[in-house]
Amino acid sequence: MSEPSLRKRKAQLSRPDSNIEPSKPAVTQEKSRDYRRIIYAVCLLSVAAFIYQYPEVIEKLLNEWLGFSEDDATIDGSNSDSIVDFSADVAKQNAVVEAFKHAWLAYERDAMGDDEYHPISRKGTNLTEAGGIGYTVVDSIDTMLIMGLTGEYARSRHWVANKMTFDRDANFNTFETTIRVLGGLLSAYHLSGQDSIYLEKAKELADRILPTFDTPSGLPLSQVNLGLRKGVYDSDYPGLVSTAEVSTIQLEFRYLAHLTDEDIYWEKAEHVMAVIKAARMPHGLVSIFMNAVEGKFATSAIRLGSRGDSYYEYLLKQYLQTNQTENVYREMYDDTMTAIHNHLIQQSPTTKMTYTSELVPERNQQGQISWRLTPKQDHLVCFLGGSLMLGATKTGATVHKISIPPKPRELTKEGLRDWKSGVELVKTCMRTYDTATGLAPEIVHFRIPSDGMEVSALAPMDWYIKGAKHGAPAVYDARYILRPETIESLFIAFRLTGDKRYRDDGWRIFQSIQKHCRVGTGGYASIINVDQNPAEQEDKMETFLMSETLKYLYLLFSDADVLPLDEYVFNTEGHPLPIFNPTIRTGFS
Ligand code: DMJ
């Protein structure tokens, strides 16, 4: 019993008659009963008026009393009944189409068919001495189809049908060739209404890649000699393959298996996932390198950035591509998202920016390994915000059809966790665009108490570009190479919430690209230092500008009926592939 109530009881015991009222005359008693009735009536009327005026408060109290902890409000606190406006912003879409044409027409004029383009020198180059394989052309075709650029599309198709060849005796990166060329061909096949030329080429390319899987573990080698049809070890990392690379080919090979009815494509790619699952490390995260002979993780960093990123991305997308029928991917995804929250997701000390850190292994003199948490985040990680939000509405949903934006009660505890982290990560990525050019650097570091840095212009409150110094040559981390990840997340976030702020953010980035990366004579260049205005350009236009950055911007301003997220998964290079019900079942659990 609590102190005050004990005290009250003692007082009552010491005054035994205190509850007994002196008797009153009958008329007075009648009058006081009338007063009480009036007071009750006034109270009742007030309650009724309050309920009438504020029904939602009563509903909330009732829900709480009934055990529903959450009310019906949407997750961002907005009005759940408001109608989300998904109509296209045509003016902004047209501006993006104009930018695409500015990039494509310059490439077509100066370097048609070459793998890469250098807009300042107005030259093309190939990845190898043996000649090009259509990197830029194939990476751009589906964007032309989506944007309705019929002339550009017809010329590109003609090039694929008449000039493209994979008979090149040279080593190409297995993963890059798969995501850009195989993914591009498959997407073009679907979006063109099944033009068979693309499927023929896709099949030929996949057949040339298949020998890379002939390793003792079944993990594909990093490089492939397309002409000789042979897997090749990367001499920079003897015996090793990168985790993201081996686990980011599955959407492409599975879709090809579905289209051709040839299980071999799926079986080879799926086996990689079984090897990764069997090699699971205790915390559920993955190191960025694996041993191609043993199929085990090599002691190497754990991160969501380079060489790690798309492993996490494809866990979710493999589950989505198969129409959420393959539980093994769902389990791997859920397990991994919990591990990410337990080990990698952090908050900056001052303004509580959510970010992901890296775990770097360090070996002591006795040979024991400990893991150092490093507050470093690649721009590449910015895919994760949108991915977490999308995952929350799929593996974290309690209802079949989730609202836009979701309501808290429509998400599981983990779904809510992932949604909130996703929203926060998108905000963080946007804040890394707060630079002199309005463009984000390749790599940011977040402040931690032990960094011993003063707060200054170059080391502000929460994040900074490591090694950047006024007047000194720009560091590698300070570049912006036309990367798409933040825009990709903005696109997904907009589709899942209808929140206009995501469109506004995307528009801001687009305007900065226009201002600093656009080359007057045609094309777009990377910039060397995001904190230098006017920016110095670098003579390289990455192919993902046309396959991802401009495509996601266009889709951000499109009507939500264009490539709906319930019907498509985008491969890691931005190539949309349709979701389907698989006839081949996954053979591991
Ligand atoms: C793209 O080639 C792909 O998105 C890949 O997964 C990682 N990086 C680039 C774009 O930044």
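This report describes the ligand site around Thr572 and the largest nonpolar core.

The structure is a predicted model. Thr572 carries the feature "binding site" in an unreviewed UniProt entry, and it sits in the loop between β17 (568-570) and β18 (576-578). Because its relative accessibility is 13%, below the 20% cut-off, Thr572 counts as buried. Apart from residues up to four places away in sequence, Thr572 touches Phe175, Ile179, Thr248, Ser310, Glu313, Tyr314 and Glu548, and with Glu313 its side chain forms a polar contact of 2.8 Å to the other side chain.

Around the ligand lie Ile179, Arg180, Asp309, Leu380, Arg483, Pro484, Glu485, Phe544, Glu548, Thr572 and Glu573. Distances from polar atoms of three of these residues to an oxygen atom of the ligand are as follows.

| Residue | Part of the residue | Distance to a ligand oxygen atom |
|---|---|---|
| Arg483 | side chain | 2.6 Å |
| Glu548 | side chain | 3.0 Å |
| Thr572 | backbone | 2.6 Å |

The ligand, which exposes 300 Å² when taken alone, has 92% of that area buried by the protein.

Turning to the interior, the largest nonpolar core has 154 residues, and those with the most contacts inside it are Val160, Leu185, Tyr198, Phe253, Tyr312, Tyr480 and Tyr524. Helix α4 (residues 90-111) supplies the largest share of this core, namely nine residues. Val160, with its neighbours within four places in sequence left aside, is in contact with Val137, Val138, Ile141, Leu185, Tyr198 and Lys201. In soluble globular proteins, nonpolar side chains tend to be buried together.

Note on methods: Residues numbered from 1 in each chain as written. Predicted model: local features only at pLDDT ≥ 70, side-chain atom pairs only at ≥ 80, totals over all residues. Heavy atoms only, no water. UniProt positions renumbered as here; feature names shortened; annotations may be inferred. Helix = DSSP H or I, 4+ residues; strand = E, 2+ residues; numbered from the N terminus. Buried < 20%, exposed > 50% of the residue type's maximum accessible area, 1.4 Å probe, protein only. Contact = heavy atoms within 4.5 Å. Polar contact = N/O pair within 3.5 Å; in protein donor to acceptor, adjacent residues only side chain to side chain. Core = buried A, V, L, I, M, F, W, Y, C linked by side-chain atoms within 4.5 Å. Near = heavy atom within 4 Å. Areas by Shrake-Rupley, 256 points an atom, 1.4 Å probe, with all protein chains shown as cover.
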